[in-house]
Each structure stands twice: as C-alpha cells, then as structure tokens.
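Reader: I am new to reading structures, and I would like to look closely at a single part rather than at everything at once. Could you take me through one place where two helices pack against each other?

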Amino acid sequence: MGDFNIFHHMPWSSTYSIYFFVIGISSALFFFSMLSWFRQEFEPLRKSAFYVSFALMVVGGLLLIVDLSQPLRFLNMLNPSYLNFTSPLAWGGMNLLSFGAVSAAYYWMMRKNDETDSRRLAVLGSILALGLPVYTGFDLTVHQNRPVWNTPLMPILFVAMSLLSGAAVASFLAGTHEKLLAMLRRFMLWSAGAVGVMLVSLLGTTAYGGVGQELTFMFMTTGTLGTIFIGVGMLLGTAAPIALLLAPFGKQQQGMMIAAVLILVGGMALRYSILVGGQIVQTYF
Amino acid sequence: MSELRTSSIETRGKPGLKRYAMVIDLRRCIGCDACMTACKAEFDVPLGVFRTWVPYKVVGVYPTVRKHFMPRLCNHCDDPPCVRSCPVGATYKVEDGGFVLQHYDRCIGCKACMASCPYNARFMLPKSRTYTDITHVVDKCTFCHHRVTQGLAPACVVTCIGRARIFGDINDPSSEVSKLVSTLPTQVLRPEEGTKPHVFYIGVDRNLSEPSRAIYNPLDVLEEDRRAFNKNHKG
C-alpha cells in the first residue's frame, strides 16, 4: 500500500551482516591454514590464520546466539527431533557446530605435531568452512519474496566475498614473506574481480526486475544505502582495491595493506547493504 | 485441483481434509477496525503489533476521494514459506484445516519465518506482557484455531459489521467461501510467490495491493509516523 497506518520492521538486523562478515573471514582463514600443508608459501599462515579463524568463529557463533530473541533456546538447534532440514538455518547451525568441532580437533593435532591427522582435519575443516559462506548465501536466497536476495548468485557471491575479506586479513598476518604476499595479492585481485562482476550482474537483474526489485534498486543506488552500497561497497571496497593492486604500488606491502583495509571496509558495507536492501521494500507492504 | 499441488504439504482439494479459507469482500469493508479490535481482545495482542490490520490508501482526485481499505492477516498459505524456513520446526501447518500455527515454547526467535513471509504477517512479541507469559517469540494470526475447532467462526469474522469477512472450508463445495471463490472474481495477494495463500479478496485492485513508487518518495507526514513507530517499537 502506498499509504499506511501500520508499519513493519526489518526482521534481520545489522547483527547478521556482522556475522556474515566475521564468519566469511573465519572460513577463508581456515582455508589458508589448510593451504599451508600443501603450498610452502602459505606456511607462515598455518597457525596465525587458524587462531584468528577460530576466534572469529567463536565471535560469529556468539553473535548469532545473542541476536536470537530467546538466546538460551539455541540449544533447540541441537535437538534432532526439532531440526527442520528444509531450512538453511538448520544446515547452517550444524555446519557451524561441526566446523567448530573440527577446528578444535585440528588445533589439538597441530599441538601434538601429528602432521597426517592435521592435514586430514585441515581438508575436512576447509570443506566445512566452504559451507559457511555457502549456507549464509542460501539463507538469503531461499526467501522468494525478497529482491536482491532471491538469486542463485548469492551463495557464490558470499564465497567470493569470504575469500576476498579473508585474503585481506591474511595479508596483515603474512608479515614480510614476499611469496605469500604475492599469492594473497592474487587471491584479492581475482576474488575482488569476481565480486565486482557478480555485483554488476546483481544490480542489472534487480534494475530490470519487477515492482519490488525496481524499488529495491532505487533504494540501493540512492540516498544513504546507495552511498554505502555503491560508494563504499562497490567503488571504495571493490573497484579501488583492484586498481590499487594492479598499480606498481599495489605490489608493495604498503600498497597491499591499504588495499586490504579498503577491502575490509567495503566487505562490511556490501554485506550490510545486501542484507538491508532485501528488506526495505517489504517494510512498506 | 490436484494439478495445482506442487508440494506434499498442500491440502487444498485433498479428499477427507478440511482446508479453511477466508474471503474478504472489500466492497463491504468500511474501515471501522472492529476486526483489529476483536483480534486484540481475543488474543491480548500487545501494542504496536497486529495479527490483523487494515491499511488504507486514499484514492481518487480531490474532492472526489475515498479510502480504499484492505484488511490483512496471515494468509495461511497452502505451501507456507515460514514453515520450511523455521530451523526448529516451531512453525507448522495443521494438515486437517490448513492452519499455520506456532509452537511458542520451541521458537528460538531467529526471525527466519518473518523474513520469509511475503505478507508481513508475523511479528515479534514484546519482552513483557500483562496477562500472558508468552513473550519475545514470533506470533501471528491463527485463523482463531481455538474457536474454529469449537465450531465457532474467527473473532474478526464474527465482529465484522459489514460482513466483509467470510470464513469456511474451501474443500467443501457447499460452503460459502467455496461458492464465493468459484463464482466471483477473487484475487490473492502475491500469487507469484507460489505460497498459495488462502485469504481471497473480492474487489482488490493490484495497483493498490502491490508496493508502488509512492514508497520511494512517501509523504513527509507518513515518514514522521514511521520514524516515531520504529523508535518506539524495536523489532
């Protein structure tokens, strides 16, 4: 209705976007820790990336629990007779828990210097880590009434954003290891490129969509949300780092650090605006 | 009707099962809000949230203007997205009757059901209430399940002064809702979402029932109301 006397809230608050952000970084860092067992240049990241990944996973889990209106009932997610497997949240909860368990076991095996089991757990953990951005994407995709969210692009976009933000954080942990920095620069470039292409595609399909999509496009490209999405997320957080990393200065550590900061700021902005963008029009219905 | 069924949860047209539905005749609605009030009284619905509500739009050109009312409630969809999105099965559909209901003691408050509902029919109850201890979980219209199972009509239907709301079993060809839906042009909200809603409207104009460009540039006075509402009622 154009006029209204009853108002509606956005069900999912910005806490979710912070969760998307930290869990994306956590899963990518675990992936880099896993790579250290197979690629020599990643070895300096083995422990540091894992520690940060673990800490962020705990933070992400706590954010999810605190955001529930009945936080203690998160235990219901552990009750097999309650779990509803048509919900991506149920899969996500199990994915997060098993990722936590594998991470703890991985830490234990690394402490014991058990290389074989550490490798196995690293691979298993990476598969579960990949599931985290995939399920967060599905969390949004399945809502058929939500413009921007309801696209098959969403899980892939979240994987690319996870790699991008994770590589940015990893570049701070990499120290002065040149080979590692060169690899992380490549990760940032390729994942930023993928994110950029997907965002342009997302904007295109949203702009040419139905009534809800068209209005969502208008909200996401103008005003405050437009500044956050286009200005901070796409230009400052995706396009600018690509340009910077391609420039000769971007091959130096300092340049990479600046690009990494921009990527992290943009990554948060993108997750926030995608989360909020899909909910704005509905609040007027 | 069986060819319409795409999911095993759907019960419209299934022999031996009731499938309750509501018809809202907008030609008869005078916007008195008695339905909202009856619902509030029936369920002690707190301030700021509604199981049923009556938004309006002013249509026409001054001085020939009128308010177009469109009562809203949970559409008790035959294929409800809220049921499939709830991670802990707190939202469920009653097979015989089609009521979409809520296990309050199981709800964790993740609001996935609210995000998945195309009709904004769900809301979060406040942290404290005067007469009931069901708090801070998601709530919604129940089609007055407790009344209907006792042979009574929903509170909003009973109280409607213009008889704009008609309730019954659409699987029964002799019911009034069944006859109205089969003989008059009716419209459901957002049929394209595939939810198969079971609230049918007579006389709804889709230009008025869909989000319009007006929401992008709303009247200042409405935005002030909206800001005040959001300030006082945090989700």
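Author: What follows is a close look at one pair of helices in chain A, with a short view of other parts afterwards. Please keep in mind that this is a predicted model. The two helices are α6, residues 178-207, and α8, residues 223-246, both of chain A, and their axes come within 9 Å of each other while crossing at roughly 140 degrees. Angles over 145 degrees would count as roughly antiparallel, and the two helices, α6(A) and α8(A), are therefore oblique to each other. As for the sense of the crossing, α6(A) passes α8(A) in a left-handed way.

If you now turn to the residues, α6(A) brings a set that includes A:Arg185, A:Met188, A:Leu189 and A:Ala192, and these meet residues of α8(A), among them A:Met234, A:Thr238, A:Pro241 and A:Leu245. Taken together, the residues of this contact divide into ten nonpolar, three polar and one charged.

For a view beyond this pair, you can look at where the chains meet, with 44 residues of chain B in contact with 40 residues of chain A. On the side of chain B that touches chain A, the elements giving two or more residues are β3 (56-61), α2 (81-85), α3 (112-116) and α8 (220-232) of chain B, and the residues of that side divide into 26 nonpolar, ten polar and eight charged.

Notes
Residues numbered from 1 in each chain as written. Chains lettered and ligands numbered in written order. Predicted model: local features only at pLDDT ≥ 70, side-chain atom pairs only at ≥ 80, totals over all residues. Contact = placed C-beta atoms within 7 Å. Helix = DSSP H or I, 4+ residues; strand = E, 2+ residues; numbered from the N terminus. Nonpolar A, V, L, I, M, F, W, Y, C, P; charged D, E, K, R; others polar. Axes fitted to C-alpha atoms, helices over the stretch in contact; angles between N-to-C directions. Parallel < 35°, antiparallel > 145°, perpendicular 65-115°, else oblique. Left-handed = near helix turned anticlockwise from the far one by under 90°.
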